[in-house]
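The following exercises concern pockets in a protein model. Please study the sequence and the structure before reading each solution.

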Amino acid sequence: MSRPMQVSRYWRHFREKYRLIGGKCENGHVHFPKRPICPVCGSREIEEVELSGKGKVLSWTIIRNPPSGFEYYKPYPLALIELEEGPIVLAQLTDIDPEEIDFGMEVEVVTKKIREFEEDGIILYGYKFRPPVK
Amino acid sequence: MKKAVIIGAGMTPVGEHWKLALRDLAVEAVFNAMDDAGIDKVYSLYVGNMISGPFVEQENLGSLIADWAGLGNIPAVKIEAACASGGAAVQEGVKAVLSGLEDVVAVVGVEKMTDAWPNDATRYLAYAADAEWELFHGASFVALNALVMRYYMKTHGYTEEDLALFAVNAHTNGAKNPYAMFKRSIKLETVLKSPYIADPLKLFDASPVCDGAAAVIITTPEKAKELGVPKEKWVEVAGMGRAIDTINLANREDLLTLKAAKIAAERAYKMAGVEPKDIDFFEIHDAFTIMAALSLEALGVAKKGDGAKLAREGQIAIDADYPIQTMGGLKARGHPVGATGVYQTVEAVLQLRGEAPNQVPNAEVGLTQNIGGTGSNITVTVLRRV
């Protein structure tokens with residue numbers, strides 16, 4: 001998959017991927033990304049909620065054999081991050097020495113380039129997580 | 001209720017088949033299964049396949065394979081459930097027979113993976129994950145399993161060595177399987193010294209990219225008798241279950257529970273009227289060593305957190321209480337993704353007929369468990385000697 005023609009496929013997730021917009025049902029269950037029905041209680045009354053982007057590393061890996069399109073970054077760390085509102089998010093870690101990553105480490109969201117397609121292709125941006133900037 | 005029996009089983013060796021196309025592999029497996037049953041006609045075909053589109057630009061496998069195998073103008077479709085496509089295809093074939101709508105059904109699982117560049121193969125395999133929320137971020141399938149592996153080791157206090165024992169066991173058994181991709185045993189150090197693909201997951205924790213096809217013929221006992229298939233060839237599909245879990249790993253209720261496997265297993269056990277202790281051998285989905293550990297827990301063979309302990313205590317070998325991967329499993333036999341569930345079925349059939357190269361003594365009941373996605377789509381099937 002070298003040149004995606006469906007730009008709209010990525011544009012439709014701008015808000016979630018730039019601002020970490022999740023869903024919150026009428027009973028207060030928060031999830032990410034926003035879903036049409038609450039996975040906990042089944043309510044369809046879901047409102048959008050912007051997540052803080054603060055969380056802790058639950059587990060991580062260093063990708064050495066990436067899927068095509070990500071060769072440029074290798075090796076790169078990928079983590080499951082438990083956000084302070086509860087949901088778990090999968091994202092790359094950035095601005096960090098892989099040796100320093102640890103369980104429970106505090107991280108915060110940052111908008112970064114995710115992927116670039118060649119020549120006249122588009123550039124994708126989205127969330128990554130990094131150690132908090134004091 | 002009607003019963004379903006498998007009366008024929010066949011496969012191709014798993015490997016890098018540079019000279020063979022997807023259709024060649026599938027047709028060979030179908031012919032082997034039909035010859036094994038001693039029949040020359042089937043009335044329906046189910047094809048288990050995961051990603052023929054990206055890998056070889058071929059969909060519509062029902063038409064392709066039925067046409068090339070000369071099966072005539074029968075109904076034929078492709079069944080897709082990620083890496084559980086083979087297991088799902090077998091179950092769809094059984095359902096068709098149990099419903100009474102179809103009476104001699106062929107099921108073939110096939111995948112041709114070596115025609116692609118490695119990084120493209122890595123990408124295609126990740127199509128089983130959530131494209132927008134996992135692959136978008138550069139997650140490979142191996143990486144998702146590595147995230148689970150690290151969390152499992154931390155939570156239950158295991159080391160990389162503990163999980164490596166599953167790979168060693170698979171290779172010990174695969175060494176005797178003429179159809180296995182890796183017909184050699186390995187040492188623990190071999191696993192531990194292999195390079196990281198996604199830390200802490202190493203090359204030898206993972207199953208290989210490969211090609212292969214396997215097939216079975218399913219019918220009712222009445223029809224099998226009518227066709228003159230000797231009873232020694234029959235293996236009953238005694239129970240089956242299937243369930244899904246969240247496609248996105250991050251949305252899982254509990255990262256370390258294969259809930260879909262648990263539900264599927266409960267259904268299969270209930271239908272077959274058996275418990276885990278009644279099962280003589282398990283062909284589980286060890287695409288990665290961590291999945292072997294979690295599967296044993298989900299199937300009720302080990303308590304939560306004790307899956308890897310079974311390997312450490314030597315309880316998974318052919319002559320132990322819970323033999324797993326009797327023909328090498330996905331690790332050593334190979335994992336041609338959409339074909340794997342059918343390979344497991346063929347191997348279980350051979351065990352139950354007493355024809356396995358690595359025979360489990362007096363095997364009467366066997367179980368196959370096939371995982372699609374990172375535990376998101378799972379089939380469990382219980383097979384019994386007739």
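Here Ala, Val, Leu, Ile, Met, Phe, Trp, Tyr, Cys and Pro count as nonpolar, Asp, Glu, Lys and Arg as charged, and the others, Gly among them, as polar. The model is predicted.

**Exercise 1.** Describe the largest pocket and state where it lies.

*Solution.*
Step 1. The space in the largest pocket amounts to about 830 Å³.
Step 2. Its lining consists of 41 residues, and those nearest the centre are Leu125(B), Val142(B), Ser207(B), Pro208(B) and Val209(B).
Step 3. Two elements of chain B, helix H5 (118-125) and helix H6 (141-156), each give two or more residues to this lining. The largest share, five residues, is that of H5(B).
Step 4. Sorted by class, the lining holds 24 nonpolar, 13 polar and four charged residues.
Step 5. In chain B, domain 1 (5-117 + 211-235) and domain 2 (118-208 + 238-385) both give residues to the lining; therefore the largest pocket lies between them.

**Exercise 2.** Which elements give two or more residues to the lining of the second largest pocket?

*Solution.*
Step 1. The second largest pocket has a volume of about 520 Å³.
Step 2. Of the 26 residues that line the second largest pocket, Thr246(B), Ala250(B), Asn251(B), Arg252(B) and Glu253(B) lie nearest its centre.
Step 3. The elements sought are strand S2 (30-31) of chain A and helix H10 (259-272) of chain B. H10(B) gives the most, with three residues.
Step 4. By class, this lining comprises 14 nonpolar, five polar and seven charged residues.

Note on methods: Residues are numbered from 1 along each chain as its sequence is written. Chains are lettered from A and ligands numbered from 1 in the order in which they are written. This is a predicted model: local features need pLDDT of at least 70, side-chain atom pairs count only at pLDDT 80 or more; totals for chains, interfaces and linings use all residues. Side-chain values use heavy atoms; hydrogens and water are left out. On a 1 Å grid over the protein atoms alone, a cavity is a set of points where a 1.4 Å probe fits but cannot get out, and a pocket is an open set with protein on both sides within 12 Å along at least five of seven lines; lining residues have an atom within 4 Å of a point. Grid points are joined across faces, edges and corners, and a volume is the space filled by probe spheres set on the points. Helices (H or I, at least four residues) and strands (E, at least two) are DSSP runs, numbered from the N terminus. Domain bounds come from an automatic or database domain assignment.
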